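Here are three short exercises with worked solutions. Try each task before reading on.

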Amino acid sequence: MKKVFIVSMLAVILLLSLTTNILAVEQKNTLETETASEIMEIKDEVKTEKDEYTRKYGSESYGMTAYILNKVRIFSIPFCFLGIAVGALYQYVLGTRRLDMKQKGFALIVSFITILVICQVLPLIFAIVVRGWRG
C-alpha cells in the first residue's frame, strides 16, 4: 500500500512539474517581448530628452552635461533624504548614550544636506553660465 501511494505521489509531482515548466516557458517568451518593447520605449524617451537638451544648449557636450546634471538632481533627493534619516538615527537614537555617535550623526546630517544643496543648485548654475554668458 505504501508503494502505491509513493508511486502515485511521484507521478503527481512529475505531472505538476512538467506543466509548470511549459507554462514558465510560455510566460518567459511573453515577458521577453514585453521587456524588449519597454526597453525600446525607454531608449527612445532618453534619446528625445538628450536631443532636446542638445537643441536647447546648442552643443552636444553641453546638452549631455545638462542631461547628466538633471539626472543627478533628480536622484540625489531620495539618496540624501535617506542619508539624513540615517544621520538623525545616529544623532537622536544612538547618540542619547554615546557622545561620539551623536557627533557622527550630526556630521552625517550636515554632509548630506550640503550634498543635497550642491546637487540641486549645480544644474541652475550650469544653465546660467552656459546660456547667459556664452551668448
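Buried means under 20% relative accessible area, exposed means over 50%, and partly exposed lies in between (1.4 Å probe, protein chains only). This is a predicted model, where local features need pLDDT of at least 70, side-chain atom pairs count only at pLDDT 80 or more, and totals for chains, interfaces and linings use all residues. Residues are numbered from 1 along each chain as its sequence is written, and side-chain values use heavy atoms, leaving out hydrogens and water.

**Exercise 1.** Place Leu69 and decide whether it is buried or exposed.

Step 1. Find its element. Leu69 sits in helix H2, residues 60–93. Helices (H or I, at least four residues) are DSSP runs, numbered from the N terminus.

Step 2. Apply the cut-off. Leu69 is buried because its relative accessibility is 15%.

Step 3. List contacts, meaning heavy atoms within 4.5 Å. Leaving out residues up to four places away in sequence, Leu69 touches Leu122, Pro123 and Phe126.

**Exercise 2.** Find how many disulfides the structure has.

Step 1. Set the test: a pair of cysteine sulfur atoms within 2.5 Å.

Step 2. Search the whole structure. The result is 0 disulfides. For Cys80, the nearest cysteine sulfur belongs to Cys119, 5.8 Å away.

Step 3. Check burial. Cys80 is buried, with a relative accessible area of 0%. Cys119 also counts as buried, at 15% relative accessibility.

**Exercise 3.** Find where confidence in the chain is lowest and where it is highest.

Step 1. Use pLDDT, the predictor's confidence in each residue, from 0 to 100. The chain mean is 83, and 78% of residues reach 70 or more.

Step 2. Compare elements. Helix H1 (residues 2–57) is lowest, at a mean of 74, and H2 is highest, at 92.

Terms used
Helix = DSSP H or I, 4+ residues; strand = E, 2+ residues; numbered from the N terminus.
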